[in-house]
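Me: Got a minute to go through this one with me? I'll paste it below.

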Amino acid sequence: MPTASRDIVVSNKLGLHARPAMQFVDVANQFDSAVTVHKGGEEPCDADGKSVMQMIILAATEGTPLRIEADGADAQKAVDTLAQLFESKFGEEE
Amino acid sequence: MEIKKGIGVSPGVVISTAVVLDAEDLVIPRRRIEADLVPAEVERLGKAVAEGVVDLTKLRDDVTVQHGKEIGGIFDFHLGLLRDRKLQGDIVNEIKTNLTTAEYAVSTVMRHLANKFLAMPDRYLAERVKDIHDIEKSVLRKLIGQKHEDLLHLTQDVVVIAHDLLPSQTAALDRTRVKGFATDVGGRTSHTAIVARAMGIPAVVGLGNITSEVSGGDTVIIDGGRGVVIVNPDEEQRVEHLEAERKHVRMEKDLEALATLAAQTKDGFSLSLQANIEFPEDIDDALGHGAEGIGLYRTEFLYLASDHEPSEQDHYDAYVDAMRRLGGRPMVIRTLDLGADKYTQAKAANPERNPFLGDRSIRMCLHDIPMFKRQLRAIMRASVLGDVRIMFPMICTLMELRQAKMVLNDVLEELEDEGVPFRRDIPIGMMVEVPSAVVMANQFAKEVNFFSIGTNDLIQYTLAVDRTNERVAGLFCPGHPAVLSFIRDVIRAGARNSISVSLCGEMAGDPLYTLLLLGLGLTIFSMNGPDVPEVKKIIRSTTMEHARHVARRVMSFDSERQVMHFLREETRKIIPEAF
């Protein structure tokens, strides 16, 4: 099984709050690959990228470094697309 | 095991399985289930979540149409959480590993999640805890809602535990299966108490928070005589209460023997003991207890028992059914007396600020003549089949009475034109239940064929006490000298104008007041069927002379304390076991 991963930093002001978390999960669910989001820092933890509950519990505020990992046939495409969401700040800022 | 003390409002003892209604605050106590019930609980959870998703989707779409995508999007997060496989997985795991009900599992998992939110350093995210509570509630409501429906199709005997029973809920109960009530709030004259006494099943009210301490499936003892509820009793208590239950049944049996005997004092004065009913089916039981007729048929239950307003035919069918059961005995049909109850207020477009002083009862009927006429037509059509009488509730002014009679006259003319037979000289009466009607009783007596004193409302309006408000319910007292002199005045006005006077409030069925009412000259007592034997026992054990003496003494007192004390002493001499 191919795997892929990418490190990103949460850059939108309000962090990974309800709406971006939903957006992330909706996109993640479009892929067959399993998606895991790993939070580093002082309190590292993992979230299932297809569960909005776990994503929101990450409490990823602005500046939090995250690693997006995918495991499955479309792993690379999943990671690229999901990372793009963070880069566009979930369409929240100008 | 837990013993709770409340107000016993209907005697008897029952041990049965609890069904908990209307847990609005959604406190879900832990309850273990047997391992073989796990799949059923998981299925209930799945169904509740699916229903929640449907509701929420509709809500989101409606909100989006009305307020735009931005606002509607708020519910996307709710929906996302509700559909979350991980979250559902956690709840299912909770059911499986800890063997709990779906409700408890939802509650546990969601509260755990809520705590995680609260612990977040980010204020904005911590705020989302409200969403978690919202979702928890919507799923729980669905789970509890499923149980609600089950109340209509009970397969075993149960006792109903509720915050306060609504008329619409009691109207929908499977009466053959419900064996007792216990509620958080209420008093002796609350709806729960009235229904329980009419059904002849034990009830304890005013228990505080019984709904949060009992969960569906618990074994509960309800001792209506002592006002005690025991949750999950131990063996010793079971035995003790089963014995008490048997004793109660024996006492009931002794009283039942009175059913066929006349309601006559030792010195030969005959009284008429009648029953108050809500459904025609109540009649069999009432007659079994020795009632000689129906002094009050509360027709509002026709409205409460179904989700649409009853048609003329619905009314007619109910009245015909009632008369068939009565076999020629008299029946007083009270026209619709709705309005100030939670049921109509909840349905009203603009709930009234002061419903007991608002558009209720006869006022409501006079504001909706077509509805009023439907009921009057049905009563008149049924009038040829037996001894039917018609009674208007809540009459406050002569104009109201005359208006109501005018509507009735219209109905008679219509029926005559249509060639439908009816009884032209049907007796027309009114409830005397507001102070203005008491004060003007002499004038009213010239325009009706009978009075019926409705003490529940009369006391409420005289003493300005809402009997369902537990903070002031203690002030609600039939023995208040002002109430008693009102009752005396109405009975006198009736006698002076040669019209009959009955009393159909709770007071008529309370043996404590029997001697007094007898002595004041009341000749017709209308009460809940199961109360008939005890009242009859008192009547048969006394003389009119003694009752008059009691009444004279009571009317000389100036406080309800003296009244109650004296009546208790006097009544205890006749039925020591009741006090």
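Reply: Sure. In chain A, residues 24 or more positions apart account for 75% of the contacts with a separation of 6 or more. Keep in mind that this is a predicted model.

Me: OK. What pattern does chain A follow along the sequence?
Reply: Chain A reads β-α-β-β-α-β-α, with three helices and four strands.

Me: And how much of chain A is buried?
Reply: Buried residues make up 41% of its 94 residues.

Me: Switching to the contact between the chains: how many residues does each chain put in?
Reply: Chain A gives 16 residues and chain B gives 16 residues. On the chain B side, α3 (74-83), α4 (85-98), α5 (102-118) and α6 (123-126) each supply at least two residues. The largest share there is four residues, from α3(B).

Me: What classes of residue are on that side of chain B?
Reply: The side of chain B that touches chain A has seven nonpolar, seven charged and two polar residues.

Me: New topic, α25(B) and α26(B). At what angle do the axes cross?
Reply: Roughly 160°, with the axes of α25 (residues 544-555) and α26 (residues 560-574) of chain B coming within 10 Å. Angles over 145 degrees count as roughly antiparallel, so α25(B) and α26(B) are roughly antiparallel to each other.

Me: Left-handed or right-handed crossing?
Reply: α25(B) passes α26(B) in a right-handed crossing.

Me: Which residues meet there?
Reply: From α25(B), B:V550, B:R553 and B:V554; they meet B:V563, B:F566, B:L567 and B:E570 in α26(B). That contact divides into five nonpolar, two charged and no polar residues.

Methods. Residues are numbered from 1 along each chain as its sequence is written. Chains are lettered from A and ligands numbered from 1 in the order in which they are written. This is a predicted model: local features need pLDDT of at least 70, side-chain atom pairs count only at pLDDT 80 or more; totals for chains, interfaces and linings use all residues. Two residues are in contact if their C-beta atoms, placed from the backbone, lie within 7 Å. Ala, Val, Leu, Ile, Met, Phe, Trp, Tyr, Cys and Pro count as nonpolar, Asp, Glu, Lys and Arg as charged, and the others, Gly among them, as polar. A residue is buried if 20 or more other C-beta atoms lie within 10 Å of its own, exposed if 12 or fewer, and partly exposed in between; C-beta atoms are placed from the backbone. Axes are lines fitted to C-alpha atoms, for helices over the stretch in contact, and angles run from 0 to 180 degrees between N-to-C directions. Angles under 35 degrees count as roughly parallel, over 145 as roughly antiparallel, 65 to 115 as roughly perpendicular and the rest as oblique. A crossing is left-handed if the near helix is turned anticlockwise from the far one by less than a right angle, and right-handed if clockwise.
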